[in-house]
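Please open the structure in a viewer and keep the sequence beside it. The tour below proceeds from one selection to the next and states what is found at each stop.

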Amino acid sequence: MAAVRALRSCSRTAGRLICVHHIRSCSSVRFIKSKYMSIFDKSAFKFSHQHRLFRTSAISNGQIVQFKLSDIGEGITEVTVKEWYVKEGDSVSQFDSICEVQSDKASVTITSRYDGIIRKLHYNLDEIAYVGKPLVDIETDALKDVASEEDVVETPAVSHEEHTHQEIKGHKTLATPAVRRLAMENNIKLSEVVGTGKDNRILKEDILNYLAKQTGAILPPSPKPEIIPPLPKSETAPAAPKDKGTKIPIPISKPIVFAGKDKTEAVTGFHKAMVKTMTAALKIPHFGYCDEIDLTQLVQLREELKPLAQVRGVKLSFMPFFIKAASLGLLHYPILNASVDENCQNITYKASHNIGVAMDTEQGLIVPNVKNVQVCSVFEIASELNRLLTLGSAGQLGTNDLTGGTFTLSNIGTIGGTYAKPVILPPEVAIGALGKIQVLPRFNGNGEVFKAQIMNVSWSADHRIIDGATMARFSNLWKSYLENPAFMLLDLK
Amino acid sequence: MVIPSSLKNCFQLFYVLKISASGFKYTANRGLILQSVSSDVYQNLAVEDWIHDNMNLENRQVLFLWRNSPTVVIGRHQNPWQECNLKIMRKKNIKLARRRSGGGTVYHDLGNINFTFFTSKKKYERMENLKLVVRALKGLRPQLDVRATARYDLLLDGNFKISGTAAKLGRTVAYHHCTLLCSADRFILSSVLKSPYKGIKSNATPSMPALVKNLFEEDPTLTCEMVMDAVAAEYARCHQIDHHITLINPADEIVFPGINNKTKELQTWEWIYGKTPKFSISTCFNMMYEQSLLEVQVDIHVKHGRIEVCNIDLPEQWLPPAMCNELEKNLIGSKFCPSETTALASALLRICPQNYELHSKWSLLCENVMTLM
């Protein structure tokens, strides 16, 4: 019984198809616009291809149809092919873009008239194509009465909306594209389903109810081979919570199946260089050292100094203080500002403190550095940092700004996080990652709880030449400068 | 007169855009005049995309008026390196956009008006649109000598180009847009539309340079607002619709569902630069290093905006061949773009032998190679 019904609905589908083609050749009103038509066609084709129910003459493979370049208007006879969107072997649906041609300042997108597989492209890029001559050969299952001579002059009666109207013999049914697909895949005529939505709109539940009422329904077995484009938002609910009573028809999951594909691309350009850098970096034996800094006083100081810097046209963040304090520390522990050669045979103690600041840009992670911090004031560091940030976000940093660094600070805290495990950037030997500033309760000297501005720092250093004690002492010194900015004044150069 | 969008107008526009022609008894059925409140070129181009993809223009025509902040707009199949001075544009923050229609490169700023005429593919007729603009201008100032040419340009005084045209035809919808120079900055225009890059071999559509002039120079009393209004009035008269300009916000996702995705796509590097047809650069330049002049020959092939082939010929042993090879190898696949190259070159320096001389030579070479981008 179900088979008969399937047969019947299929021939009705066929009838509809024939009707469609007839309508098309009469250049009158189409009832469904854009890709839903193609899905309609395609599922019917597939079904018919498998069951061969309505074709009298057996056509084993599809036939090759020559898709001719249709009239472009304004009496244009030739165009230049500028870009192909398909290649031989690709499968296309009706209305998919095939290529882009150009004629006298007009760019025209040529879309396919048929479903099928591209078998031949008649032109190469930049060749002249002629109107009326074949553009591509498409292998289709199309019925023979597709008139290939005339222009496809479509006159859509409805505008492209979320709810497409299906006009079959004057009967209008409202349904979302996903619901229509569901109906198509189950060979359900929308006119037979009772809609319970607004304006008698047919909802998914209505289709499910309709299906549930069928006994022993034969459901189309084959999954769609082509990629289903991402569904509109209304249809992204997962298949899991589908407890609609007794039967859970299998195809229900089809429209909701995630049809994404893994995408593999080569690692190129900047990322390739990063791979090399990081591979070299991890050859360095890292050790970590972390600590907590109380920035309460620094926060206050910065609040006072911010407007003064603003007057001079410079935005003052915390980084200039961190950078200057680091440089003062490096004066006492110059091994942290050194570099070792390839086989770790020589250490070079760098004279300049070129402190790098990790920056997150469109390219990815870049590390411009502030040169010669040891002779710069906090204000000068701030203005240099401003310059680097502006250039960095515009993608205009030069090689000079990006090379020559000797020590790096990474303020990951602006994005988030507390402790980190930074990776040393060769040829440097140490790096510090700064977490975010949090307001936390701490005890003061009198045993009272007060609000403290706490930031965590995580250092990594090259254990071949730097030991824990050195790192710890450096960190303590840096910490003392920041916790008591007045100390920095004493040692400022 | 421009009537500011009230809520009522917004809803009317909303319904006009969404509901089929049969549903609404309103002259908007026959035509619409829209004007963008945004001067962001990507948003405005996205409006064109949106109308092209979503509106039913079977019995309706639309005129879209828009202006942009300083931008260079290249045609769909053009090569930005061939068409404009990317270096000046980067310095002056002038944006680059690639439109979907064909044609040549133009410079937009707020002194330039863009008109887009949307019709069904059947009613696509560029000359009629241009004649409409000419009539509007002559209506404003009868003494203006403006006429359309066979190449769909508008000439002022027979010699000066004040408008260029481009068009896009889709399956059912077509649009024809044109610029109109009212009071644009001609100095910047001529400096950005001149490419400094040498040795480019490409099949991309070339632009035809032309002498330009502003309408404002001919008649200082003309303003952009007056011209836009005049064209809108003429359009309304021709299509027998209300002379009512509807202001639209191209960021409004409710009136234009999906438009923000279109805007984003138009801003991607893959669209702006990646859609450049395959081309090659073959050139040589001189570098000065420690009082000696070195000649460097560079041969780069770019496809989809990325380097496919890269050959750098340096004087013998100036740089260790291994390092030069490393640079060439790593450039392949990378974007043909100075910031990417800088980042790449700097990252590679970290794993090279730490030698001041090598580093300065490397930096010098990279800086020079980047001038080609």
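Begin by selecting chain A and chain B together and displaying the side chains along their interface. In this predicted model, seven salt bridges are found across the interface of chain B and chain A. To view a salt bridge between these chains, select Lys168(B) and Glu100(A), whose closest N and O atoms are 3.5 Å apart. Polar contacts may be displayed next: 25 residue pairs, both members at pLDDT 80 or more, make them across this interface.

Now colour chain B by its elements. Those giving two or more residues to the side that touches chain A are helix 2 (41–54), helix 4 (86–91), strand 10 (165–169), helix 11 (321–331), helix 12 (338–349) and helix 13 (356–370). Helix 12 of chain B provides the largest share of that side, nine residues. Colouring by class shows 15 nonpolar, 20 polar and 21 charged residues on the side of chain B that touches chain A.

Widen the selection to the whole contact, which comprises 56 residues from chain B and 50 residues from chain A. The area buried between the two chains is about 4600 Å², with carbon and sulfur atoms giving 47% of it. Select His77(B), Arg171(B) and Arg350(B): these residues supply 17% of the area that chain B buries against chain A, more than any other three.

Turn next to the backbone. Select strand 5 of chain A (residues 106–111) and strand 10 of chain B, which pair in the parallel sense over three bridges. Within this pairing, Leu169(B) is the bridge partner of Val108(A).

Hide chain A and consider chain B alone. Where do its domains lie? Domain 1 spans 31–273 and domain 2 spans 279–372; their C-alpha centres are 39 Å apart. Contact between them involves 13 residues of domain 1 of chain B and 14 residues of domain 2 of chain B. Together the domains bury about 1000 Å², 57% of it on carbon and sulfur atoms. Trp81(B), Lys201(B) and Trp269(B) deserve selection here, as they supply 47% of the area that domain 1 of chain B buries against domain 2 of chain B, more than any other three residues.

For the final stop, select Glu270(B) and Arg306(B), whose side chains meet in a salt bridge (3.9 Å, N to O). On the side of domain 1 of chain B that touches domain 2 of chain B, the elements giving two or more residues are helix 4, strand 12 (200–202) and helix 10 (269–272) of chain B. Strand 12 of chain B gives the most to that side, with three residues.

Definitions and conventions
Residues are numbered from 1 along each chain as its sequence is written. Chains are lettered from A and ligands numbered from 1 in the order in which they are written. This is a predicted model: local features need pLDDT of at least 70, side-chain atom pairs count only at pLDDT 80 or more; totals for chains, interfaces and linings use all residues. Side-chain values use heavy atoms; hydrogens and water are left out. Contact means heavy atoms within 4.5 Å. Buried area is the accessible area (1.4 Å probe) that two parts lose on being put together, summed over both. A salt bridge is a side-chain nitrogen of Lys or Arg within 4 Å of a carboxyl oxygen of Asp or Glu. A polar contact is a pair of N or O atoms within 3.5 Å; within protein, one must be able to donate a hydrogen and the other to accept it, and residues adjacent in sequence count only if both atoms are side-chain atoms. Helices (H or I, at least four residues) and strands (E, at least two) are DSSP runs, numbered from the N terminus. Ala, Val, Leu, Ile, Met, Phe, Trp, Tyr, Cys and Pro count as nonpolar, Asp, Glu, Lys and Arg as charged, and the others, Gly among them, as polar. Two strands pair if DSSP finds at least two bridges between them. Domain bounds come from an automatic or database domain assignment.
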